[in-house]
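Grab a coffee and open the viewer. Here are some exercises to work through with the model on screen.

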Amino acid sequence: MENKGIYSKKKIIIDTDCGSDDAMAIAMALNDPRYEILMFCTVSGNVCMEQATINTLTTIEHAGSYEPPVYKGSRSMLLRDLAYAHETHGRDGMGDIGLVPHRLKESNGNAVLKMIETLRNSEDGEIDIIALGPLTNIALAIKVDYEAMKKVGRIVVMGSAGLGRGNVSPVAEFNIWQDAEAAKILVDSGLKNIMFVGWDACLGECMLNPQEIANIRKSGELGKFVIDCNRELMEMNVSRFGDAYLDMADPSAVAAALYPECISECTKYYCQVDATPGPSYGSVLVDANFFSGKTPNVEICSRLNPEKYKNYIYRTLHVVD
């Protein structure tokens, strides 16, 4: 009977360039008993794909839950050179505190092909995808087997500036800017049920403040892990936000995907990705005033309910408030 239970859960594939905020998001997802993560697919972004794989395996070991397979995906972006986020997450993506997996290893096989194979063998809408990094693997899967990708229930992306300002340029958010060509393939694909959780969704009252960070850290080994690996981001945020806050972009996307009750503002708009050379490269143009008259193609989640969102973080990280 116990084995049957897991197969009745909603199935998820997580695509990640695992840095420190991905680590918190992954730990949260692994500890939500309503979902089953079928696999992790790694991609370059915050760090190189090989390091992202190491970080994903490390996070799974610390999460204290079950252990889905981890497959290596794209080492490079479709057209552009990589620009890592070492200043945000450390050179290893995890705060440079020496975190490595002690037991787990990656699984054999290519992430994109494994994703396609799994979707081919699924029922329509049975599997959702959560993408926490650049969309390179997702774009490749669309190009290799569009029919398989049409079987996805929802694709929830941590990407875009939402309805606000960018974090890597005035108009662009890092994940989209890293591989705008890949993001454009997804947005233009005609796939239904695409949601972008903008960077603006994790700002303001949704940022973790120093007291909340301390509460998570002192809650146990998992809490200590997800906070300590974010030390570079906290240090950077002293100058950005005036104190050691944490703007947790990937956890906000996981919360929106797995606990939609925490969403405050989410509307479907017609969107385009600017992949042309120039200062607006990587921006997601959101027709928020419906000027174009074109059919909306992407949901933009731009705000979460801070209390519900943080309660979800606490619950999935086993924090007693």
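What follows is a set of tasks, each with a worked solution.

Before you start: this is a predicted model, in which local features need pLDDT of at least 70, side-chain atom pairs count only at pLDDT 80 or more, and totals for chains, interfaces and linings use all residues. Residues are numbered from 1 along each chain as its sequence is written, and side-chain values use heavy atoms, with hydrogens and water left out.

**Exercise 1. The annotated domain**

Task: Find which residues the UniProt domain annotation covers, and work out how much helix and strand the chain has there.

Solution:
- Step one, the record. An unreviewed UniProt entry carries the annotation "domain: Inosine/uridine-preferring nucleoside hydrolase" for residues 12-310. UniProt positions are given in the numbering used here, feature names are shortened, and annotations may be inferred rather than shown by experiment.
- Step two, the elements. Helices (H or I, at least four residues) and strands (E, at least two) are DSSP runs, numbered from the N terminus.
- Step three, the values. Residues 12-310 come out as 36% helix and 16% strand, with the end C-alpha atoms 22 Å apart.

**Exercise 2. The largest pocket**

Task: Describe the largest pocket by its volume, its lining residues and the elements that supply them.

Solution:
- Step one, the term. On a 1 Å grid over the protein atoms alone, a pocket is an open set of points where a 1.4 Å probe fits, with protein on both sides within 12 Å along at least five of seven lines; lining residues have an atom within 4 Å of a point.
- Step two, the space. The largest pocket holds about 340 Å³, where a volume is the space filled by probe spheres set on the grid points, joined across faces, edges and corners.
- Step three, the lining. It has 24 residues, and Asn46, Thr88, His89, Asn167 and Phe174 are the closest to the pocket's centre.
- Step four, the elements. Two or more lining residues come from each of helix H2 (20-30), H4 (86-89), H8 (174-178), H12 (231-241) and H13 (249-258).
- Step five, the chemistry. The lining divides into 12 nonpolar, five polar and seven charged residues. Here Ala, Val, Leu, Ile, Met, Phe, Trp, Tyr, Cys and Pro count as nonpolar, Asp, Glu, Lys and Arg as charged, and the others, Gly among them, as polar.

**Exercise 3. Two covered helices**

Task: How many residues of H13 are buried, and what covers the buried residues of H9?

Solution:
- Step one, the cut-offs. Buried means under 20% relative accessible area, exposed over 50%, and partly exposed in between (1.4 Å probe, protein chains only).
- Step two, H13. Here 10 of 10 residues are buried, including Asp250, Pro251 and Ser252.
- Step three, a close look at Ser252. This residue of H13 has 0% relative accessibility. Beyond residues up to four places away in sequence, Ser252 touches Val197, Cys202, Leu304 and Tyr309, where contact means heavy atoms within 4.5 Å.
- Step four, H9 (residues 180-187). Six of its eight residues are buried: Ala180, Glu181, Ala182, Ala183, Leu186 and Val187. Their cover includes H6 (136-144), S5, H8, S6 (194-197), S8 (271-273) and S10 (298-304).

**Exercise 4. Counting disulfides**

Task: How many disulfides does the model have?

Solution:
- Step one, the rule. A disulfide is a pair of cysteine sulfur atoms within 2.5 Å.
- Step two, Cys202. Its nearest cysteine sulfur, in Cys206, is 7.9 Å away, and Cys202 is buried at 0% relative accessibility.
- Step three, Cys301. It makes no bond with Cys266 because that closest cysteine sulfur is 4.9 Å away, too far. Cys301 is also buried, at 0%.
- Step four, the count: zero disulfides.

**Exercise 5. The loop between S5 and H8**

Task: Is Ser160 buried or exposed, and what does Ala172 touch?

Solution:
- Step one, Ser160. It sits in the loop between S5 (155-158) and H8, and has a positive phi of about 90° although it is not a glycine. Ser160 is buried, at 1% relative accessible area.
- Step two, Ala172. This residue lies in that loop between S5 and H8 too, and is buried at 0%.
- Step three, the spacing. Ala172 and Ser160 are 12 residues apart along the chain, with 6.5 Å between their C-alpha atoms.
- Step four, the contacts. Neighbours within four places aside, Ala172 meets Gly166, Asn167, Trp177, Tyr281, Gly282 and Ser283.
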